[in-house]
Amino acid sequence: MMQNNPKNLAGWINIISHVEIPILASTKEQITKLRSNMDCIDLRDLAYVIGHDPLLSLKMLKYQVNRRSHQQVTDITNIEKVLLMIGIKEFF
């Protein structure tokens with residue numbers, strides 16, 4: 001079946017849409033440290049950590065696409081903008 005074939009874009013989209021995307025252990029450790037100081041955290045610091053983990057970046061973009069409102073007419077392709085849309089507390 002063409003849709004489940006990871007050799008084409010539709011196959012990859014289908015696979016990514018149905019799996020839990022993991023994150024790097026080092027990223028998880030950094031996020032845990034940032035969470036303990038959530039009220040003082042800078043959005044750019046959090047975006048920097050997320051941006052250095054390609055799978056977490058993908059996970060964030062996927063999350064935003066699924067929450068996209070009908071009023072949003074352009075795609076968000078920047079982790080800082082995703083964080084602005086969902087908020088730091090919602091991220092944690």
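Leaving aside neighbours within four places in sequence, which residues is serine 57 in contact with? To find out, keep in mind that this is a predicted model, and begin by selecting serine 57, which you will find in helix 4, the stretch that covers residues 54-67. With its close sequence neighbours left aside, serine 57 is in contact with Ile50, Gly51 and Ile79. Because its relative accessible area is 12%, below the 20% limit, serine 57 is buried.

Next, select Ile50, one of the contacts of serine 57, since Ile50 leads into the largest nonpolar core, where it is listed with Leu46, Met60, Leu83, Phe91 and Phe92 among the residues with the most contacts inside that core. This core has 17 residues, and at least two of them are supplied by each of helix 3 (43-51), helix 4, helix 5 (79-86) and helix 6 (88-91). Colour helix 3 now, for the largest share of the core, five residues, comes from this helix.

From there, move on to leucine 46, which, not counting residues up to four places away in sequence, touches Leu34, Ile41, Leu83, Ile88, Phe91 and Phe92.

Finish with two of those partners, phenylalanine 91 and phenylalanine 92, which are both buried. How many aromatic pairs are counted here? The count comes to one aromatic pair, and it is formed by the rings of phenylalanine 91 and phenylalanine 92, whose centres lie 5.2 Å apart. Their planes stand at 75°, and because an angle over 60 degrees counts as edge-to-face, the pair is described in that way.

Definitions and conventions. Residues numbered from 1 in each chain as written. Predicted model: local features only at pLDDT ≥ 70, side-chain atom pairs only at ≥ 80, totals over all residues. Heavy atoms only, no water. Helix = DSSP H or I, 4+ residues; strand = E, 2+ residues; numbered from the N terminus. Buried < 20%, exposed > 50% of the residue type's maximum accessible area, 1.4 Å probe, protein only. Contact = heavy atoms within 4.5 Å. Phe/Tyr/Trp six-rings, centres within 6.5 Å; stacked < 30°, edge-to-face > 60°. Core = buried A, V, L, I, M, F, W, Y, C linked by side-chain atoms within 4.5 Å.
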